[in-house]
Amino acid sequence: MTARLSLYEKAEQELYKLDRSVKGKFYDFSHRFRQNPDHPGLDLKPLKGDGRVYRAKIDQSYRALLAKIGIDGDGQEKWLVVAVRHRKHVYEELSVAINRITGEIEFVDLSVVGQSVLQRAGMTLTPAERPEAEDEPETLAPVPATEEPAAITPQVPEAEPLLAGLAPDDLRKLGVAEQLIGLALAVTGSEELDDLVSGAPLLTKDILYGLAAGLTLDEVRKEITAPVEVELDESERQDLDAALARTTVTTIDDALKDVLEEGDFRAWKVFLHPAQAKLVDRRHSGPFRVSGGPGTGKTIVALHRVKHLAEKLPPGHNKPILLTTFTKNLTTDLRARLASLLEPEQLARVDITHIDQLAARVLSENTLSGAGKQRISDSVALNTLRQILVELDEKRWDAEFLYEEWEQVVLGQSLGTRKAYFDARRAGRGHSVSRPDRAQIWKILEQFTTRLDKDSRETWGQAAERAARFEVQRASKIKERQEHKEEIGGKDLIHRDDSSGMYYLGHRYQHVVVDEAQDLRPAHWKMLRAMVTSGEDDMFIAGDTHQRIYDQQVTLGTVGVHIRGRAARLTLSYRTTREILNRAMEVVNPKSAQITFDDLDDGTDNLDGYRSVLRGPAPELVPCDSWDDELVQLAAALKTWRDELATGGVNGRPRDPRGTIAVCVADREAANQVMYYLATEAGLTVAELTKDGVKGDGDIHVGTMHRFKGLEYQKLAIIGARDGVIPRASLVQRYRDTDAKRLAREELKARSLLFVAATRARDTLRISWHGKASPYLPGQ
């Protein structure tokens, strides 16, 4: 009889970490098992603990642990690989069950639990195989088959249990795996808890960490348990076959080899947590927004939302789904991550582009309106405005203030006349202006835009505003056409569109998914709103205003994107360790200052309840004597990290560190200096983070803080985090006495930038400076 073989998620993670040769043998084992699970060479045997769990030989040293699920409609046996272990680490105390909350299959292996906790709970482990003679000193003494394991008298804990005051039924109702409830109540410290949850099912891990972090039972139930709870009757609680359909598994086939070779870090970047899954599958009557701090999975939810929408599309060759974000390099990362989730034919149905590229595409379709215009950066446009102020001998208004007034008020609200500017709201601008002031400002900005037009140049902000107007006009035509069609009874109206040069006039997209939404301009939102039909599942928006590093203040309701009553907030970080997160939170939520963030609508946002389920070393804060000293110490730290990764594989086999280590700096000049020193003096290979993605194939990625938006690294160093750089001394001096509100905005932006940079680290964070540290760093 042949078999269908699937891979439990934790087993997949174990395989990532094994030696390449063991992976190869596992592929061969899988092929043989699928052909004939009863083949004598596989030595398939049930364990004595849970009769549904079997062990089978991969080779002389490694074993596959499998759960027998049932028989499919074709008569094939259905098996689930739940673990891949060295034979010395296979014990009888393994079990498979269905979680009473999620309805998913859970695999519990007590061998990963610390020995002190097992002894305190009165438990011992029984090896599944008698060790070979040469292995006996390294293994537990075997228990004779004819004897019961010797009972261990429970020890009185030296310290109070970590979860004192909780009863077994409390944990049971929350969804903690039954086999781990007693052990969880016996834990007395955080290290023991880490051991316990290292092999625990994901829901159990989140619950126990949440309780240990001080959450109440009601808070855990609301934030962790409720989002993943499903209704099950008694028969469904026993049906492994049905539970398998609700469980995250990977079908074992030839494609699995390529997936495993990519490594666990790549897989982690697209892993969807069960608590996030309901946001992906839910139907929404209009635009829906998901928010949350760094690492809570907003981007991953957005990617899986695209996957969900793509899988529901009818056959075709068009691209009805748009996935967009603010920067080009983040778009490159999104495309790579989405490619690992979708089949090629599904990926071809998704338009993946950054927002300014999308605006440029709209303008290229209207060549008579914008032919020949060169798009320039904000810095080039700002220099043009400064030149005009010099020519006018204007000293009252500085160029930065006028440029932002133009960007955020004039372009942001598509103001085409002086009267419209006189009547415009300036919420959030800080510096109040009178009617005579507005007249003077409008006159200067008119000269500025005239100069740009004369030189056949425009900013990206202007391009976005023009593109938005074209799309709004297109949407108006579509609406007019539909209304007329309904009026005359639905007759064909294709002839009405011939003058536009299109055979069909309709909205560009059925679905729009936006990542890093907090950085888009008002014009971008108007353009997107006009590109998709209003209605069910039209827009899915992911963002966090605590990570706004560009000065774009938008209230979505004013640009036609209404999210009131359709929003969710993620609070659990799955990327950044608790230690890194706590430090980073002090940057944007210091005890010494009252700082507020908007929610992209008319309310405020916060990070209440935001916490991590991961543990790791505390961030390293390193004061240095000079810039040269910072570089020397940085190089030493990077070499240590590289060596740790190189020796971190099984059996001493090196792992490729590329894409896992990075250095983050405040500006481009510092980035150039860091790359030059590391490459020429320290003997390290580097790759630069640019707007187009990673340039080069060096081990260490180096870039400015802005380039790290949306990216993740296992080990990250921030260098040059000193006062005068974060925040910029020139900005503080310029606005300290003249514009307190503007200064507050600039400081908030600088805090957000440092917050974003620090939370790019998954496991290890190192921050250094020379001179006086940035006042935003913890403890400063």
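**Group meeting: a helix pair and the cores**

Okay, let's start with two helices: the axes of H18 (residues 378-391) and H19 (residues 399-411) come within 9 Å and cross at roughly 120 degrees. Axes here are lines fitted to C-alpha atoms over the stretch in contact, with angles running from 0 to 180 degrees between N-to-C directions. H18 and H19 are therefore oblique to each other, that is, outside under 35 (roughly parallel), over 145 (roughly antiparallel) and 65 to 115 degrees (roughly perpendicular).

Quick caveat: this is a predicted model, where local features need pLDDT of at least 70 and side-chain atom pairs count only at pLDDT 80 or more, while totals for chains, interfaces and linings use all residues. Numbering runs from 1 along each chain as its sequence is written, and side-chain values use heavy atoms, leaving out hydrogens and water.

So who touches whom? On the H18 side we have Asp378, Ala381, Leu382, Leu385, Arg386 and Leu389, and they meet Ala399, Glu400, Leu402, Tyr403 and Glu407 of H19; contact means heavy atoms within 4.5 Å. By class, that's seven nonpolar, no polar and four charged residues.

Next, H16 (residues 355-364): seven of its 10 residues are buried, so H16 is largely enclosed by the rest of the structure. Buried is under 20% relative accessible area, with a 1.4 Å probe and protein chains only.

Now the cores, meaning buried Ala, Val, Leu, Ile, Met, Phe, Trp, Tyr and Cys joined through side-chain atoms within 4.5 Å. The largest nonpolar one has 69 residues, with Trp525, Met527, Leu528, Leu556 and Ile718 making the most contacts inside. Helix H28 (residues 740-758) gives the most to this core: seven residues.

Definitions and conventions: Buried means under 20% relative accessible area, exposed over 50%, partly exposed in between (1.4 Å probe, protein chains only). Helices (H or I, at least four residues) and strands (E, at least two) are DSSP runs, numbered from the N terminus. Ala, Val, Leu, Ile, Met, Phe, Trp, Tyr, Cys and Pro count as nonpolar, Asp, Glu, Lys and Arg as charged, and the others, Gly among them, as polar.
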